[in-house]
Amino acid sequence: MACEHHEGRDREATAVPDSPEAKAAGQAPDPKTAAAIAAAEAAGPQNGESVRVDSWIWAVRLIKTRSLGATACRGGHVRVNGERVKPAYSLRVGDEVRLRHEGRERIVVVKRLIRKRVGAPVAAQCYIDNSPPPPPREAAAPAGIRDRGAGRPTKRDRRELERLRGMEGTGRPDSH
């Protein structure tokens, strides 16, 4: 009997975080994630302080390094609420950030401001992702990869590659 009682208690303990009541109360389903979120909030800005846009996009793992974030801002690849911003622009909760990076546009809405880089599960909870889905991998693969050592493509090879890529008619006009 005592074993059944303990088993029931263990089952209740494991079921509590995933229950609808726990989700309604705002508890995180994973204790490690909850601890990481608490650490990120503690490291976040205090009342009245702000977070730079280049630092935030790096901290939530939208970009690999902070310097790449600053370069993207300077190049006009980062927009906040529709306007191009400098790297030192101060973000606020509710801002829409659009980032063009590696041939893809990411559209996110800021939910939480953080300064330090955190793990991917915690970072995903700092924004709402409204980005379009990424293109399928087959469509992104380059067409017509040549074997190493095959040499320079002939004129015939080049025309076939252009035909495969859908670039027919982009060559020089004929001199007929």
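**Figure 1. Surface and make-up of the whole chain.** In this predicted model, the protein chain exposes about 12,800 Å². Carbon and sulfur atoms supply 51% of that exposed area. Turning to the interior, 26% of the 176 residues count as buried. Running along the chain, you'll come across eight helices and seven strands. As for contacts with a separation of 6 or more, 46% of them come from residues 24 or more positions apart.

**Figure 2. The aromatic pair, W56 with Y127.** The structure holds one aromatic pair. Its members are W56 and Y127, arranged edge-to-face, with 75° between the planes and 6.4 Å from centre to centre. W56 sits in helix α4 (residues 53–59) and Y127 in strand β7 (residues 127–129), so this pair ties together parts of the chain that are 71 residues apart in sequence. Are these two residues buried or exposed? W56 counts as buried because its relative accessibility is 0%. Y127 comes in at 13% relative accessibility, so Y127 counts as buried too.

**Figure 3. R66 and D54, a salt bridge between two helices.** Searching the whole structure turns up seven salt bridges, and here's one of them: R66 with D54, whose closest N and O atoms are 3.5 Å apart. The pair links distant parts of the chain, with R66 in helix α5 (residues 66–74) and D54 in helix α4, 12 residues apart. How do the two ends compare for burial, buried or partly exposed? D54 is buried, with a relative accessible area of just 2%, whereas R66 counts as partly exposed at 37%. Helix α4 also carries W56 of the aromatic pair.

**Figure 4. R98 and E105, a partly exposed salt bridge.** Here R98 meets E105, and the closest N and O atoms are 3.4 Å apart. Side chains of opposite charge can pair when their charged atoms come close. R98 counts as partly exposed, at 28% relative accessibility. E105 is partly exposed as well, with a relative accessible area of 31%.

**Figure 5. R106 and D129, a salt bridge between two strands.** R106 forms a salt bridge with D129, and their closest N and O atoms are 2.9 Å apart. Which strands does this pair link? R106 belongs to strand β6 (residues 104–110) and D129 to strand β7, 23 residues apart, and the pair links distant parts of the chain. R106 is buried, with a relative accessible area of 16%. D129, on the other hand, counts as partly exposed at 39% relative accessibility. Elsewhere, salt bridges that share partners join R52, D54 and R66 into one network.

**Figure 6. The open sheet, with a look at one edge.** Five strands make up an open sheet, and reading across you get β3-β2-β5-β6-β7, with antiparallel pairing. Which strands lie at the edges? They're β3 (83–84) and β7, each of which pairs on one side only. Strand β2 (residues 78–80) pairs with β3 in the antiparallel sense, over two bridges. If you want to find one of the bridge partners, look for V80: its partner in β3 is E83. Over at the other edge, β7 is the strand that holds Y127 of the aromatic pair and D129 of the salt bridge with R106.

Definitions and conventions. Residues numbered from 1 in each chain as written. Predicted model: local features only at pLDDT ≥ 70, side-chain atom pairs only at ≥ 80, totals over all residues. Heavy atoms only, no water. Phe/Tyr/Trp six-rings, centres within 6.5 Å; stacked < 30°, edge-to-face > 60°. Helix = DSSP H or I, 4+ residues; strand = E, 2+ residues; numbered from the N terminus. Buried < 20%, exposed > 50% of the residue type's maximum accessible area, 1.4 Å probe, protein only. Contact = heavy atoms within 4.5 Å. Areas by Shrake-Rupley, 256 points an atom, 1.4 Å probe, with all protein chains shown as cover. Salt bridge = Lys/Arg side-chain N within 4 Å of Asp/Glu carboxyl O. Pairing = 2+ DSSP bridges.
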